[in-house]
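Here is a short report on a sheet, a helix beside it and two pockets. Keep the structure in view while reading.

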Amino acid sequence: VQTMVEERQRRLNNLEKDIDSIFTRAAVHVGLSDSAFGILYALEAYGDGCSQKDLCERCWMGKQTINSSIKRLCEQGILEKTAGPGRTATINLTATGRALVAEKVRPVIEAETAAMHAFSPAELAQALDLLERYRNALANALAEKGLV
């Protein structure tokens, strides 16, 4: 039984890495770094006005990586920072950024949406429910061991 669980664990880990690799290859193909692509994807998916903290969470990247990438994208005229309350700032696409997203990021999102249509609504709901259960079980197991 343990061997079967370990094999499935490896399979899940490999699938997660493969999916991440697909997005990395797409980013490279359209001429963007992983971090730039992730930020532009998040701004398109969630809307302008994200904080740097929001982008860290949505892009699964560290604060320094996000900060460096935002700085570079601002220098290129793709993003702009707008002062918010306290020390926070909101990150917004410029007109140049919106055009770049339409050309390079939106097609990837559309391909992702098309891939979702390979499943029936019930299959997709079931897959998402199972992944959510796994996420919760993993978080609980890590918490029980004092690892999070």
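S1 and S3 run antiparallel and are joined by 2 bridges. In this pairing, Ser51 stands opposite Thr90 in S3. The model is a predicted one.

The sheet has 3 strands. It is open, with the order S1-S3-S2 and antiparallel pairing. Strand S1 (50-51) and strand S2 (79-83) are the edge strands, and each pairs on one side only. Strands of a sheet pair through backbone hydrogen bonds, either parallel or antiparallel.

S2 pairs with strand S3 (residues 89-93) over 5 bridges, again in the antiparallel sense. Lys81 stands opposite Ile91 in S3. Ala83 stands opposite Ala89 in S3. The hairpin of S2 and S3 has 5 residues between the strands. There, Gly86 takes a positive phi near 65°.

Next comes helix H3 (residues 52-59). Its buried residues include Gln52, Leu55, Cys56 and Cys59. Seen down the axis of H3, the buried residues fall within an arc of 105°, so they line one face of the helix. They pack against S1, S2 and S3, and also against helix H2 (34-46) and helix H4 (63-75). Trp60 follows H3 and has a positive phi, near 55°.

The two pockets are set side by side below.

| Pocket | Volume | Largest share of lining | Lining by class |
|---|---|---|---|
| Largest pocket | about 1,600 Å³ | H1, 10 residues | 26 nonpolar, 3 polar, 6 charged residues |
| Second largest pocket | about 260 Å³ | H3, 3 residues | 3 nonpolar, 3 polar, 4 charged residues |

The largest pocket is lined by 35 residues. Which of them lie nearest its centre? They are Ile19, Asp20, Phe23, Trp60 and Glu112. Trp60 is thus named twice: it follows H3, and it lies among the residues nearest the centre of this pocket. Helix H1 (2-29), H2, H3, helix H5 (95-116) and helix H6 (121-144) each supply at least two residues of the lining.

The second largest pocket is lined by Ser51, Gln52, Lys53, Cys56, Lys63, Lys81, Arg87, Thr88, Ala89 and Ile91. H3 and S3 are the elements that give two or more residues to this lining. Several of the lining residues have appeared above. Gln52 and Cys56 line this pocket and are buried in H3. Lys81 and Ile91 also line the pocket, and Lys81 stands opposite Ile91 in the pairing with S3. Ser51 is another lining residue, standing opposite Thr90 in S3.

Notes:
Residues numbered from 1 in each chain as written. Predicted model: local features only at pLDDT ≥ 70, side-chain atom pairs only at ≥ 80, totals over all residues. Heavy atoms only, no water. Pairing = 2+ DSSP bridges. Buried < 20%, exposed > 50% of the residue type's maximum accessible area, 1.4 Å probe, protein only. Arc of directions from axis to C-beta. Contact = heavy atoms within 4.5 Å. 1 Å grid on protein atoms, 1.4 Å probe; cavity = no way out; pocket = protein on both sides within 12 Å on 5 of 7 lines; lining within 4 Å. Points joined across faces, edges and corners; volume = space filled by probe spheres on them. Nonpolar A, V, L, I, M, F, W, Y, C, P; charged D, E, K, R; others polar.
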